[in-house]
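I'm opening my notebook to look around a protein model. I'll jot down what I looked up and what came back.

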Amino acid sequence: MFSLLAVLVFYVVWSTARFFVYIEYSTPEQLDSPWGGPALWIALPQLLSSFLMVVIGALVYGRHRLRSRSGALVVLALPVLVFLLDFVTGVFTDAPGNVLFLRFAAVSVGIGAAFWLVLPRGREIRGAV
C-alpha cells in the first residue's frame, strides 16, 4: 500500500512540475515540429516518470518481493495504468500517431529498464529470505 501511495505522490508532483516547466519553456516552433516537440515534451518526461515510478515502487515495496507475480503487479500496476489512461486519452483526442508511438516506446523502455534494474539477481534472492 505504501509503495502505491509513494508512486502516486511522486506522479502528482512530477506532473505538476512538468506542466509548469512546459508552460514556461516550450515554444510554438518546438510544438509544431512533428518529432522534436513531442519527443522533448511528451516522450522524454514519460520515459523518466515511468522509470522513476517503477524504481520508487520497488524500493518502497521491497526488491526481494519482485520475483513473485503479486510483487511485480504491485510495482508495475500504477505506471502501466497511467500509461493506459494517457494512451486512451490520446486516442480519443485524436493525438497524432507519432505522439502515440513515442508515448508507447518511452513508457515501454522506462518500465522495462527500471524493472530489469531493480529486479533482484540470483544471489540477492537467496540472501533476502
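Below are my entries on rings, a helix and empty spaces.

**Ground rules.** This is a predicted model, where local features need pLDDT of at least 70, side-chain atom pairs count only at pLDDT 80 or more, and totals for chains, interfaces and linings use all residues. Residues are numbered from 1 along each chain as its sequence is written, and side-chain values use heavy atoms, with hydrogens and water left out.

**Rings.** I looked up aromatic pairs (rings of Phe, Tyr and Trp, the last by its six-membered ring, with centres within 6.5 Å) and found 4. Why is the pair Phe19 and Phe20 edge-to-face? Their planes are at 65 degrees, with the ring centres 5.5 Å apart, and planes over 60 degrees apart count as edge-to-face, under 30 as stacked and the rest as tilted. I also noted that Phe83, Phe87 and Phe104 form one aromatic cluster.

Next I checked for charges over rings (NZ of Lys or CZ of Arg within 6 Å of the ring centre and within 35 degrees of the ring normal). Arg65 has its charged end over the ring of Tyr61, 4.3 Å from the centre. Arg121 does likewise with Trp116, at 4.8 Å.

**Helix H5.** Helices here are DSSP runs of H or I with at least four residues, numbered from the N terminus. H5 covers residues 97-118, and its 22 residues should span 32 Å at 1.5 Å a residue; the rule multiplies 1.5 Å by one less than the number of residues. The end C-alpha atoms are 32 Å apart, so that agrees.

I then listed the buried residues of H5, among them Leu102, Arg103, Ala106 and Val107. Buried means under 20% relative accessible area, exposed over 50% and partly exposed in between, using a 1.4 Å probe and protein chains only.

**Empty space.** How many cavities of 30 Å³ or more does the whole structure hold? My search gave 1, with a volume of about 70 Å³. A cavity is a set of points on a 1 Å grid over the protein atoms alone where a 1.4 Å probe fits but cannot get out; a pocket is an open set with protein on both sides within 12 Å along at least five of seven lines, and lining residues have an atom within 4 Å of a point. The cavity's lining includes Tyr11, Met53, Phe83 and Val107.

The largest pocket holds about 330 Å³. It is lined by 15 residues, and Arg18, Tyr22, Trp41, Ile42 and Arg103 lie nearest its centre. H3 gives the largest share of that lining, 5 residues.

Methods:
Helix = DSSP H or I, 4+ residues; strand = E, 2+ residues; numbered from the N terminus. Points joined across faces, edges and corners; volume = space filled by probe spheres on them.
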